[in-house]
Each structure stands twice: as C-alpha cells, then as structure tokens.
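Visitor: I should like to learn how the features of a protein model are read. May we take them one at a time?

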Amino acid sequence: MNQQNRERVVVIGAGHGGGLTVAFLRQFGYTGEITLIGEETVLPYQRPPLSKAWLKGEVSKEGLALRPPAFYVEQNIDLHLGVRAERIDVEARHAVLTSGQEIPYDHLVLATGAHARTLPIPGVQFTNVMTLRTLVDAEHIRGALGPGKKLVIIGGGYVGLECAATARALGAEVTVLERASRLLERVASAPVSAFLQDFHEGKGVAFRFNAGIEAILGNTQAESVLLSDGTQLSCDAVLVGVGAIPTASMAQAIGLRCDDGILVDADCRTSDPHIFAIGDVAKRPHPLYERELRLESVPSCMEQAKRVASCITGREPAAAEVPWFWSDQYDLKLQIAGLPFDVDETVVRGHPEDAKFAVFHLCAGHVVTVEAINAPPEFFAGKKLIGSRKAVSSEKLKDLTISLADLAA
Ligand code: FAD
C-alpha cells in the first residue's frame, strides 16, 4: 500500500471550488480517501447561471451540477451534504460536523466561499427582500418575477445587472438603485459603465445613481423602498445585490491568518501547513501581481482547485493564468481579463454604438486589462498580450485594420 492510499483529504464546502478539487484529485491520480462536506443539500453546482439562464428557465437543476451523481459513487468520494462543518480541531486533525461526527484529515481544504452581504436598514427581514447566492435563493427570486411585477434591485454590480436583464426578459419592471455615480464603479471602466447603462435603459431598466437607502417599508411584506431624498419607490420584491463576504469564521476561530478572506500562499496553503483554502474565501498573492487578491470568479476558483490537487498529489502545478471573468446580460457577452493596476493609458477599439467594442488599459506600454463587449477576438488577444507582457502601441490597438491576433502573436 503506498503512502497516498492511507491519506485522507477532507474538503469543507461542496460548491464550485470544493466540487472541482475532489474531481481534480481523482483526475490527478489521488488514491486516498476523499470526503466532501457541504451545508447545501445539492451536489456541487455552477452558480453563474443562477442570475442568467437558470433564472430564465433555460437550464434545469440537473444541468447546473458540476458532475452527475454517479461520478461521486464511481470515484469513491464520501459525500456529506446538508450538513455543516462546525469546527476544526487542528491538534487532533479532524473536522467536526453539526451532527457531532468527527472526520479526520491529513489535508484539509477550506472551500467555504462567500455569503451575500445584506444592508443594515429596517425592512430587510421581509421575505420578499432577497439576496442571490444559492439555488434556494434563486428559486425564491424566480417565484417573485413575472410580467408586470415591480422589482427594485439595490446594487448596480454584476449580479444586480444580470438579474435586471433576466427580470426584464421575464416581463418585470425593474429599477436599479446604485450608491455610486455610475454602474460597476469598482470593477469596470467608465466607457463600459456608460455603455451598459445605455443598453439597459434601452431595454426599459430605470436607474437611480448616488442613491441612499433609508428603509424598506411594508406591513408583512416589502411594499416600497424609501430613499434618503424622500422618494418612495413601490415594489413587489427587492433584490439586494451589494456584494459578498468571505465565509471565514471557522478559519478565524482556529487562528488561521485572515484579512478579508483566509490568507494563503501561492499554492493556496494557509498558515497551517495541513490546511489549504481556495475560491471566494481565499486571498492569495497572485503569481502575476505583487499583491494579495481575493478574486470571486469561476476561472480563479478552478485554477486554485487545480493547484491544491497538484500540491497534494505531488504534481507540477500549471503556470498561473491571467485572471479573467465573464458576465452575460441580454445578448451581450462581457469578458474581462487582467486587473487594472497602475493604468496610465486607456484605448477603446471599435464603437460602443455597435454593441461590439473593447477597452484596453495599459501600463508603461503593456496591456494590463481588456474589457470586451461582444468581442471575443479582442478578449483572447488582450488576454494573451497581458500574459506575454509584449509591448504594444495604443495606436495599433485602436486601428481596426490591424488584426489583434497578429499583434498578440
Ligand atoms: P461557493 O461556490 O459559494 O461554494 C461554497 C460552499 O461552501 C457553499 O455551498 C456553502 O454553503 C458551503 N459552506 C460554507 N461554509 C460551510 C461549512 N461550515 N460547512 C459546510 N459547507 C459550508 N463567476 C464568474 O466567473 N462568472 C460569472 O458569470 C459569475 N456569475 C455569478 C452569478 C452569481 C449569482 C453568483 C452568486 C456568483 C457568480 N460567479 C461568477 C462567482 C462564482 O460562482 C464563484 O466565484 C464561485 O462559486 C466560487 O466558488 P467557491 O467554491 O469559492 O464558493
């Protein structure tokens, strides 16, 4: 019996990262025991469709699953669903479930994700004031949407905008309240914000910027949202989409280093050498940037799951990928690669009025970020340029007669 056969990996959090970690472990030949613990009652599933195709009814519940049920049986993965891991005993090296069961580990992977942030205002307790993180949340929201229903969305971020697009497609009236002076202020450039605002308005979404929210009013249910300027917006439902908080309390309780997430090294190892953390809960020094970053995206969580599975199986990890993200709204495909640190030049290629353009951000003659709207070739070329750090002139990036694939080659 080799060493690995006697080892035990326990993964806490059966979401996207946890589901991928157990699959990569087996794919990379791990022969020891694997236990996956998740408080949700469903098999690991993809969250991105919850605000898009699933909410529109275009994908079934089974279609969301990362792997079919048979996979976990065939791969001998011990699943504990519908149960929380309550604490970790780092001395004894076991996780303790709410049922009292103790599960020993040699390697523990924390993939506990993040939970939706709420607002500290009166009225958030009404059942028609919702957040979106899980399938159960999405089922709740789907029940509240329909022709003529008035939906107020608090927060003009990705989740808010994707839900606005879906709600319009389902015939709801939508108002988005945004605290900042433009959409996606922290994560998108001004040209992209302006384009998205125009596009949504063209589809009938109303926006209010610099909006302060005082309270959600109603008797047994939310009936209106009261703004700080005294305006009262009537509603049938409210969706609060104001970001997510990393679910790190169990890690904090055992003294792992945390700061807006669990701090890990480039291999996703925490301050305890037997414990890894990945996905939305992990804050990591990104190999391509000299900063610790907590990235909430599927590609990032996939890269980290692969990295941990490589470390545990002693396999050479794949090279770091340029971080990227996507969002679908109506028939728009938004793809973003890189992070806009130290930008000294911004170039728009194409025309926003055609709903097909890309915004490149440069630092000292290198592309550091690309935001592409309905422009996959620009996205792929931009991502390649970011990874290669090949110098490129803004004139060439702008010039539609020059092929970006050639420029990036
Ligand atoms: P999660 O998938 O959230 O999984 C964490 C799991 O851990 C959860 O099931 C939670 O219940 C469980 N858990 C927590 N604590 C415990 C405990 N103590 N015991 C047991 N279980 C526990 N990313 C993109 O790249 N593109 C998109 O278009 C996109 N759209 C999105 C749309 C929505 C509506 C949402 C919510 C997210 C979207 N994301 C998107 C982000 C992406 O889904 C996340 O980055 C990804 O799910 C992170 O995976 P994770 O494993 O870290 O966390």
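Visitor: Which residue follows helix 5, and what is the sign of its phi?

Guide: Most residues other than glycine have a negative phi. In this predicted model, helix 5 is followed by G171, whose phi is positive, near 90°.

Visitor: How does the span of helix 5 agree with the expected value?

Guide: One compares the distance between the end C-alpha atoms with the span expected at 1.5 Å a residue. Helix 5 covers residues 158–169, and its 12 residues should span 16 Å. Its end C-alpha atoms are 17 Å apart, which agrees with that expectation.

Visitor: Is helix 5 largely enclosed or largely open, and how many of its residues are buried?

Guide: A residue counts as buried when its relative accessible area is under 20%. In helix 5, 9 of the 12 residues are buried, so the helix is largely enclosed by the rest of the structure. Among the buried residues are Y158, L161, E162 and C163.

Visitor: What does G148 touch, leaving aside its neighbours within four places in sequence?

Guide: Such contacts show which parts of a chain meet in space. G148 is in contact with G171, A172, E173 and D236; G171 is the residue that follows helix 5. G148 itself lies in the loop between helix 4 and strand 10, and is partly exposed, at 46% relative accessible area. The C-alpha atoms of G148 and R168 are separated by 9.7 Å, although the two are 20 residues apart along the chain.

Visitor: Which residues other than glycine have a positive phi?

Guide: The general rule is that most residues other than glycine have a negative phi. Residues that depart from it include R93, with a phi near 55°, and D260, with a phi near 50°. R93 is placed in the loop between strand 4 and strand 5, while D260 is found in the loop between helix 7 and strand 18. R93 counts as partly exposed at 29% relative accessibility, and D260 is partly exposed with a relative accessible area of 45%.

Visitor: Where is R87, and what does it touch beyond its neighbours within four places in sequence?

Guide: R87 is found in strand 4. Its contacts beyond those neighbours are H94, A95, V96 and M250. R87 is partly exposed, with a relative accessible area of 44%. From R87 to L97 the C-alpha distance is 7.2 Å, with 10 residues of separation in sequence.

Visitor: What caps the N-terminal end of helix 8?

Guide: One looks for a side-chain atom placed close to a backbone nitrogen at the start of the helix. Here S297 is the cap: a side-chain oxygen of S297 lies 3.3 Å from the backbone nitrogen of S300. Helix 8 has 16 residues, 298–313, and reaches 22 Å from its first C-alpha to its last, close to the 22 Å expected. It is followed by G314, whose phi is positive, near 70°. Of the 16 residues of helix 8, 13 are buried, so this helix is largely enclosed by the rest of the structure.

Visitor: How many residues surround the ligand, and which are the closest?

Guide: The residues around a bound molecule form its shell. The ligand is surrounded by 32 residues, of which G17, E40, R47, K52 and R133 are the closest. The shell divides into 13 nonpolar, 11 polar and 8 charged residues. Helix 8 gives the largest share, 3 residues.

Visitor: Which polar atoms of the protein lie close to the ligand?

Guide: Polar side-chain atoms of E40 and R133 lie 2.5 Å and 2.7 Å from an oxygen atom of the ligand, respectively. A polar backbone atom of A85 is 2.9 Å from a nitrogen atom of the ligand. Taken alone, the ligand exposes 1000 Å², and the protein buries 95% of that.

Visitor: Is E378 buried or exposed, and with which side chain does it make a polar contact?

Guide: E378, found in helix 9, is buried, with a relative accessible area of 13%. Its side chain makes a polar contact of 3.1 Å with the side chain of R349. Not counting residues up to four places away in sequence, E378 touches R349, A358, F360, V370 and L404.

Terms used
Residues numbered from 1 in each chain as written. Predicted model: local features only at pLDDT ≥ 70, side-chain atom pairs only at ≥ 80, totals over all residues. Heavy atoms only, no water. Helix = DSSP H or I, 4+ residues; strand = E, 2+ residues; numbered from the N terminus. Expected span 1.5 Å × (residues − 1). Buried < 20%, exposed > 50% of the residue type's maximum accessible area, 1.4 Å probe, protein only. Polar contact = N/O pair within 3.5 Å; in protein donor to acceptor, adjacent residues only side chain to side chain. Near = heavy atom within 4 Å. Areas by Shrake-Rupley, 256 points an atom, 1.4 Å probe, with all protein chains shown as cover. Nonpolar A, V, L, I, M, F, W, Y, C, P; charged D, E, K, R; others polar. Contact = heavy atoms within 4.5 Å.
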